[in-house]
Amino acid sequence: MSIGNNIKIARAAAGLTQKELALKCDLAEITIRQYETGKREPRMTQIQKIATALGCTSSFLLSSGNHDKVTEWGLVNNQFVSDLDGVMVALVDIYGKVQAMEDKENNLLYYIIGENDSSFILYKEDIHALYSAVKGFLPPLIKRIKELSAEIPEYQKKDE
């Protein structure tokens with residue numbers, strides 16, 4: 001999916017017209033239309049404004065997954081969240097800071113993770129790879145937790 005399609009999906013879910021979204025973002029209606037049709041790509045600052053106006057995250061708008069419906073995304077605290085958001089939250093918890101950056105010359109989005117000498121760069125594809133890795137090891141981990149919880153009396157369901 002394109003950024004434009006994700007804007008359209010989130011706008012529809014928010015119940016806004018292109019004109020209403022444009023007003024909230026201080027943009028021209030034609031600009032929103034061009035973003036949605038793919039005739040124009042928004043810059044990172046515009047993506048952030050649009051995400052705020054729509055009550056979603058920039059990650060939702062930037063996702064390249066095949067998401068035709070808003071229902072395929074989670075809704076947390078009235079914000080749409082994607083697989084990218086979960087990874088971002090974990091990265092912030094572990095490394096303290098995640099900063100989205102844009103290389104305008106190459107039309108490239110990347111993230112600076114951490115601070116000072118320990119910082120490193122991840123690209124959108126890296127974030128998706130991390131998500132896939134977590135998704136792969138999570139089921140066996142959950143299975144093991146269930147097995148252990150069955151063995152520990154505090155976790156066993158009590159009959160009333």
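Two helices count as roughly parallel when the angle between them is under 35 degrees. Keep that cut-off in mind, as the tour comes back to it. Welcome to this predicted model.

**Stop 1: the whole chain**

Start with the entire protein chain selected, coloured by secondary structure if your viewer allows. You will find seven helices and five strands. Following the chain from its beginning, the elements come in the order α-α-α-α-α-β-β-α-β-β-β-α.

Now switch on the surface. The exposed area of the protein chain is about 10500 Å², and 52% of it comes from carbon and sulfur atoms. Of the 160 residues in the protein chain, 33% are buried. Contacts tell another part of the story: among those in the protein chain with a separation of 6 or more, 44% join residues 24 or more positions apart.

**Stop 2: helices H1 and H4**

Next, select residues 3–14, which form helix H1, together with residues 44–54, which form helix H4. These two helices pack with their axes 10 Å apart, at an angle of about 20°. An angle under 35 degrees counts as roughly parallel, and H1 and H4 are therefore roughly parallel to each other. Turn the view until one helix lies in front of the other: H1 passes H4 in a left-handed crossing.

Which residues in H1 and H4 meet? Show side chains for Ile3, Ile7, Ala10, Arg11 and Ala14 in H1, then for Ile47, Ile50 and Leu54 in H4, and you have the residues that meet. Sorted by character, the residues of this contact of H1 with H4 are seven nonpolar, no polar and one charged.

**Stop 3: Asp26**

Move along to the loop between helix H2 (18–25) and helix H3 (29–37), and pick out Asp26 there. Asp26 is not a glycine, yet its phi is positive, at about 60°. Is Asp26 buried or exposed? With a relative accessible area of 69%, Asp26 is exposed.

**Stop 4: Asn116**

For the last selection, go to the loop between strand S4 (108–113) and strand S5 (120–123), where Asn116 is placed. What is the phi of Asn116? Asn116 has a positive phi of about 55°, although Asn116 is not a glycine. Asn116 counts as exposed, at 71% relative accessibility.

To finish, show Asp26 and Asn116 together: Asp26 sits in a loop between two helices, H2 and H3, while Asn116 sits in a loop between two strands, S4 and S5.

Key
Residues are numbered from 1 along each chain as its sequence is written. This is a predicted model: local features need pLDDT of at least 70, side-chain atom pairs count only at pLDDT 80 or more; totals for chains, interfaces and linings use all residues. Side-chain values use heavy atoms; hydrogens and water are left out. Axes are lines fitted to C-alpha atoms, for helices over the stretch in contact, and angles run from 0 to 180 degrees between N-to-C directions. Helices (H or I, at least four residues) and strands (E, at least two) are DSSP runs, numbered from the N terminus. Angles under 35 degrees count as roughly parallel, over 145 as roughly antiparallel, 65 to 115 as roughly perpendicular and the rest as oblique. A crossing is left-handed if the near helix is turned anticlockwise from the far one by less than a right angle, and right-handed if clockwise. Contact means heavy atoms within 4.5 Å. Ala, Val, Leu, Ile, Met, Phe, Trp, Tyr, Cys and Pro count as nonpolar, Asp, Glu, Lys and Arg as charged, and the others, Gly among them, as polar. Buried means under 20% relative accessible area, exposed over 50%, partly exposed in between (1.4 Å probe, protein chains only). Accessible areas come from the Shrake-Rupley method with a 1.4 Å probe; for residues, only the protein chains shown count as cover.
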